[in-house]
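Me: Got a minute to go through this model with me? I'd like to start with the pocket and then move on to the fold.

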Amino acid sequence: MATNDARDSEATPSDTPNDRPHTALLIDWGGVLTSNLFASFHAYCVQAEIDPQALGGRFKADPDFRALLIALEKGELDEPAFELRFAELLEVEPQGLIDGLFAGVGPDTTMIDAVRRAREAGVRTALVSNSWGTHRYPHELFSEIFDGIVISGQEGIRKPARRMYELGAERAGVQAEACVYVDDLPFNLTPAQELGMATVHHTSAETTIPELERLLGIALREPAGEGVS
């Protein structure tokens, strides 16, 4: 892996963070390294006979909904207490509520493999994730693909707090300017940009991985025909 000094020496006055390779990758979990969270939430709403649009609107506009979610993500409220209070607002049964909401969420193996390839190529990697509880993460996988971990429920803060991104860079062992940050929610990208990070708004592996290859200056996909006998 090239050092930051080496990369700086190659830069020209016209270089910007989006014009040259970076040396670290900070990345969200849910909705980036997994399948779409909102699709899973929608499926749960249909099953529970809840209007998905009404639920989404309440998350945005209802202060009680927002306060509950923030408390859960910061680890100030445990899952049973959240489920009980959240179920009252939704008028559903609390038992298994979070598991129901996340029932349709699975790993995006293409994105996970891209992070693994980046780390194997010498890119420093860190997870920066807001959590709905911490036990659903595949912690056994983390040592394979991440140099650092920042999970909101363990830190007592949540994105878009600036400190979440600072911790990500620190635990990756790099300066913020060396990082690329990936998230599926656009408003979570702004603090990273303000710290000097390059950012990628994730909508699919098909668009994110080529952009990461450009920013990191390495191949993250299996070459065409590889592994074919």
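Me: So, how many nonpolar, polar and charged residues are in the lining of the largest pocket?
Reply: This is a predicted model, to begin with. In it, the lining of the largest pocket has 18 nonpolar, 10 polar and 8 charged residues.

Me: And how much space lies in that largest pocket?
Reply: About 1100 Å³. The lining has 36 residues, and the closest to the pocket centre are Leu37, Phe38, Phe41, Phe102 and Trp132.

Me: Which elements give two or more residues to the lining?
Reply: Those are helix H2 (37–47), helix H3 (52–61) and helix H4 (63–73).

Me: Let's stay with H3 and H4. At what angle do their axes cross?
Reply: Roughly 80°, and the axes come within 6 Å. An angle from 65 to 115 degrees counts as roughly perpendicular, so H3 is roughly perpendicular to H4.

Me: Which residues meet there, H3 against H4?
Reply: From H3 you have Leu55, Arg58, Phe59, Lys60 and Ala61, and they meet Pro63, Phe65, Arg66 and Leu69 in H4. By class, that contact has 6 nonpolar and 3 charged residues, with no polar ones.

Me: Back up a bit, to the loop between H2 and H3. Which residue with an odd phi is found there?
Reply: Glu49 is found in that loop. Its phi is positive, about 60°, although Glu49 is not a glycine. Most residues other than glycine have a negative phi.

Me: OK, new topic: the sheet. What is the strand order?
Reply: E3-E2-E1-E4-E5, an open sheet of 5 strands with parallel pairing. Strand E3 (148–151) and strand E5 (198–201) stand at the edges; each has a single partner strand, so one side of each is left without a neighbour in the sheet. From one strand to the next, the twist averages 15°.

Me: Over how many bridges do E2 and E3 pair?
Reply: Over 4 bridges, in the parallel sense, with E2 covering residues 124–129. Within the two strands, Ala126 stands opposite Gly148 in E3.

Me: Which strands does helix H7 lie across?
Reply: H7 (residues 109–120) lies across strand E1 (24–27) and E2, and runs at about 150° to E1.

Me: And H12, which strands does that helix lie across?
Reply: H12 (residues 205–216) lies across E1, strand E4 (179–183) and E5, running at about 170° to E5.

Me: How do the axes of H7 and H12 cross?
Reply: They cross at roughly 10° and come within 10 Å. Angles under 35 degrees count as roughly parallel, so H7 is roughly parallel to H12.

Me: What's in that contact, residue by residue?
Reply: Thr110, Met111, Ala114 and Ala118 in H7 meet Ala205, Thr208, Ile209 and Leu216 in H12. By class, the contact has 6 nonpolar and 2 polar residues, and no charged ones.

Me: Last thing: which peptide bond is cis?
Reply: The one from Lys159 to Pro160, with omega near 15°. Most peptide bonds are trans.

Me: Where is Pro160 found?
Reply: In the loop between helix H9 (152–155) and helix H10 (162–172).

Notes
Residues numbered from 1 in each chain as written. Predicted model: local features only at pLDDT ≥ 70, side-chain atom pairs only at ≥ 80, totals over all residues. Heavy atoms only, no water. Pairing = 2+ DSSP bridges. Axes fitted to C-alpha atoms, helices over the stretch in contact; angles between N-to-C directions. Contact = heavy atoms within 4.5 Å. 1 Å grid on protein atoms, 1.4 Å probe; cavity = no way out; pocket = protein on both sides within 12 Å on 5 of 7 lines; lining within 4 Å. Points joined across faces, edges and corners; volume = space filled by probe spheres on them. Nonpolar A, V, L, I, M, F, W, Y, C, P; charged D, E, K, R; others polar. Parallel < 35°, antiparallel > 145°, perpendicular 65-115°, else oblique.
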